Each structure stands twice: as C-alpha cells, then as structure tokens.
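Hi,

Here is the structure I said I would pass on. Have a look at it first, and then read on for what I found in it.

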Amino acid sequence: MTDGTGERRHAFGDDADQYDAARPGYPGQLVDDVLDFAAPAGAPALEVGAGTGKATRAFAARGVPVTCVEPDARMARVLRRTCAGTAGVAVEVADFETWDPGGRRYGLLYCAQAWHWVDPAVRWTRARAALRPGGTLALFWNHWFLDDEQLAHRLTAAHARHGVEVPEHTLLDPRPRPARRGFEARQWREMEADGGFTDLEHRLYETEHERPGSGIADLMASYGGYRAMGKTVREPLLADMARLVGDAGGGTVRVVTSLFLARTTGT
C-alpha cells in the first residue's frame with residue numbers, strides 16, 4: 001500500500017501491552033452467533049489482524065482451532081503470550097495481503113477491528129481464496145460512545161487547553177461514524193459488488209463498561225490518533241483527562257459492536 005496505511009496499522013505495536021489492557025473485548029453472544037452461522041462446528045478458523053488476541057481468546061475458548069495472521073511482530077509477541085497454553089492457536093507474522101496459506105482453506109475467516117487496515121484492492125479476493133466453498137466471513141468492530149455530555153465537554157475542553165484537536169474516530173470525536181446498518185454500510189455494498197458472497201447479515205450488540213479515570217485515559221491512549229501525538233503533548237493531556245474523569249467518579253463507555261456475516265459462493 002502506498003497511502004501510508006501500512007505504516008499506520010503498525011503504530012499500535014508501539015505499546016502492545018497497553019493496547020491489550022485498555023481495549024474492551026467483544027460480546028460473548030457475538031462469538032456464539034458467528035459460530036452458529038459458521039456451522040458445522042470444529043472447522044478451522046483464520047483470524048486476520050489478530051492483534052494481541054482480544055478476539056482470539058474468545059474463539060479458542062470455544063474449541064475453535066485458530067490460525068492468527070498479524071502484521072506487527074510486537075503485537076504478535078503479546079498474542080503468543082496471552083494465548084500460551086491455549087490449544088489450537090497458531091500465530092503467523094505477515095501482512096494478509098501477501099500471506100501464503102500454503103494450500104490451506106478455512107471454514108471461517110474473521111477479523112476484529114482491523115478489516116479497514118487491509119488493502120481494499122485485494123481484501124475480498126484474498127478472503128474468498130482463504131475460505132472453503134460456503135465458508136463464513138465475519139467482520140466486526142467496536143464503536144465507543146461517552147454518553148455523559150458534561151464529562152465529554154470537559155474532556156474536549158482539555159484538548160483545547162493543550163493545543164490539540166480531538167482525533168477522528170475516537171471516544172470524543174464530535175463527528176462519530178454511526179454503526180450503519182445492512183445495505184447502508186460500505187462493507188455490505190463491497191461484498192455485494194464483489195459477487196463472491198451470499199447470505200449477508202448485519203447485527204448490532206450493545207454493552208456498557210464502567211471505567212475509572214485512568215481507564216478512560218488508557219482507552220484514549222490506545223487510539224492511533226493519540227499515539228501519533230508527541231509524548232510531550234500526549235502524556236500531560238492524558239493525565240489531565242484521567243484527573244477529570246476521576247473527579248467525576250469515573251465514566252461509562254457504551255460500546256456498539258457491529259457484525260457483518262456472509263458466506264462464499266465460489267469453489
């Protein structure tokens with residue numbers, strides 16, 4: 001990729017342990033729904049952009065053999081550690097766009113929070129090639145919301161005091177992207193346009209997570225937009241936000257998880 005996406009997707013490995021601790025996981029019901037859709041049970045799965053294993057551990061705990069493809073070696077080290085002793089988890093450090101499956105084809109390919117990092121010119125073709133005929137594609141990601149408007153206003157004002165704008169696609173982004181439904185979503189339209197997928201479905205899940213001041217600041221720090229800030233700006237800003245949330249007695253992060261499902265039609 002030549003637009004800088006390849007470099008930006010490696011930014012999360014700068015502090016992979018912090019990322020793993022700060023990011024929320026995914027609803028158990030979502031994992032169950034994916035596996036029900038992907039029946040029969042026991043088919044091996046491929047995870048694209050496995051990161052530190054937030055989703056890996058949930059699928060492996062249900063007895064699914066998972067091959068994890070993760071482009072960042074630092075994230076992969078945490079992934080191997082967090083999944084140590086978990087049967088059926090294999091980790092390969094590679095970009096999905098150039099990864100060699102060695103003739104393997106999978107019953108399920110899933111990707112949590114990372115599909116937008118895969119080159120759109122090849123991602124659908126690569127997904128179909130990795131799946132068996134009738135295999136399942138599951139794409140899901142979290143959207144975060146802070147419903148306390150007064151707290152959100154104070155945290156936004158903290159950015160102004162530190163001379164920075166709120167990064168896009170983050171908890172405080174004043175222009176949040178909605179969890180678009182079904183055919184309104186780009187992913188749905190692209191799968192339809194590809195022509196190699198059928199039985200498309202879209203589901204939404206909502207959870208709430210209570211976080212102390214440090215927990216909100218840690219979630220902020222896990223975003224690429226904050227990682228791109230220099231430490232001399234980022235660290236005082238995060239400390240200021242942690243204090244503000246602490247003074248408010250913590251905050252509730254509402255998470256809407258969007259899941260897209262489909263099956264392959266080809267051979």
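I'll start with helix H7, where Leu-151, Ala-152, Leu-155, Ala-158 and His-159 are buried. These residues cover an arc of only 115° around the axis, so they sit on the same side of H7. Before going further, please keep in mind that this is a predicted model.

The reason the buried positions can line up like that is a general one: an α-helix has 3.6 residues a turn, so residues three or four places apart point the same way. Turn H7 around and you'll find the exposed residues Glu-149, Gln-150, His-153, Ala-160 and Arg-161 on the face that points away from the buried side. As for what lies over the buried residues of H7, the cover includes strand S5 (131-146), helix H10 (224-227), helix H11 (231-247) and strand S7 (251-264).

The length of H7 works out too. It has 13 residues (149-161), which should span 18 Å at 1.5 Å a residue, and the end C-alpha atoms are indeed 18 Å apart. At the start of the helix, a side-chain oxygen of Asp-148 comes within 3.2 Å of the backbone nitrogen of Gln-150. After H7 comes Gly-163, which has a positive phi, near 75°.

H11 is worth viewing next, as it is part of the cover over H7. Its 17 residues reach 24 Å from the first C-alpha to the last, close to the 24 Å expected at 1.5 Å a residue. Which residues of H11 are buried? They are Arg-234, Leu-237, Leu-238, Asp-240, Met-241, Leu-244 and Val-245. Looking down the axis of H11, you'd see them fall within an arc of 165°, so they line one face of the helix. Lys-231, Thr-232 and Asp-247 are exposed on the other side of H11. The buried residues of H11 are covered by parts that include H7, S6, helix H9 (213-221), H10 and S7. Just after H11 there is a glycine with a positive phi as well: Gly-249, at about 80°.

Now the charged pairs. How many salt bridges are there? The count comes to 17, and I'll pick out a few.

- Arg-74 and Asp-72 meet through their side chains, at 2.7 Å from N to O. Arg-74 is partly exposed, with a relative accessible area of 29%, whereas Asp-72 is buried at 3%.
- Glu-190 and Arg-123 form another salt bridge, with their closest N and O atoms 3.0 Å apart. Glu-190 belongs to helix H8 (residues 186-194) and Arg-123 to helix H6 (residues 123-130), so this pair ties together parts that are 67 residues apart in sequence. Glu-190 counts as partly exposed at 23% relative accessibility, while Arg-123 counts as buried at 3%.
- Asp-199 and Arg-263 form a salt bridge as well, the closest N and O atoms being 3.0 Å apart. This pair links distant parts of the chain, with Asp-199 in strand S6 (residues 197-211) and Arg-263 in strand S7, 64 residues apart. Both partners are partly exposed, Asp-199 at 39% relative accessibility and Arg-263 at 24%.

There is also a network: Arg-161, Asp-240, Arg-243 and Asp-247 are joined by salt bridges that share partners. You've met Arg-161 already, on the exposed face of H7, and Asp-240 among the buried residues of H11.

On to the rings, where the count is twelve aromatic pairs. One of them is Phe-59 with Tyr-110, a stacked pair at 4.1 Å centre to centre and 20° between the planes. Phe-59 lies in helix H4 (residues 56-60) and Tyr-110 in strand S4 (residues 106-112), so the pair ties together parts that are 51 residues apart in sequence. Phe-59 and Tyr-110 are both buried. For a bigger group of rings to click through, Phe-96, Trp-99, Tyr-106, Trp-115, Trp-124 and Phe-197 form one aromatic cluster.

One last stop is a loop. Gly-88 lies between helix H5 (73-82) and strand S3 (89-93), and it is partly exposed, with a relative accessible area of 44%. Leaving aside neighbours within four places in sequence, Gly-88 is in contact with Pro-65 and Val-66. Gly-53 is 35 residues from Gly-88 in sequence and 13 Å away in space, C-alpha to C-alpha.

Cheers

Note on methods. Residues are numbered from 1 along each chain as its sequence is written. This is a predicted model: local features need pLDDT of at least 70, side-chain atom pairs count only at pLDDT 80 or more; totals for chains, interfaces and linings use all residues. Side-chain values use heavy atoms; hydrogens and water are left out. Helices (H or I, at least four residues) and strands (E, at least two) are DSSP runs, numbered from the N terminus. The expected span of a helix is 1.5 Å times one less than its number of residues. Buried means under 20% relative accessible area, exposed over 50%, partly exposed in between (1.4 Å probe, protein chains only). The arc is that of the directions from the helix axis to the C-beta atoms. Contact means heavy atoms within 4.5 Å. A polar contact is a pair of N or O atoms within 3.5 Å; within protein, one must be able to donate a hydrogen and the other to accept it, and residues adjacent in sequence count only if both atoms are side-chain atoms. A salt bridge is a side-chain nitrogen of Lys or Arg within 4 Å of a carboxyl oxygen of Asp or Glu. Rings of Phe, Tyr and Trp (its six-membered ring) pair if their centres lie within 6.5 Å; planes under 30 degrees apart count as stacked, over 60 as edge-to-face and the rest as tilted.
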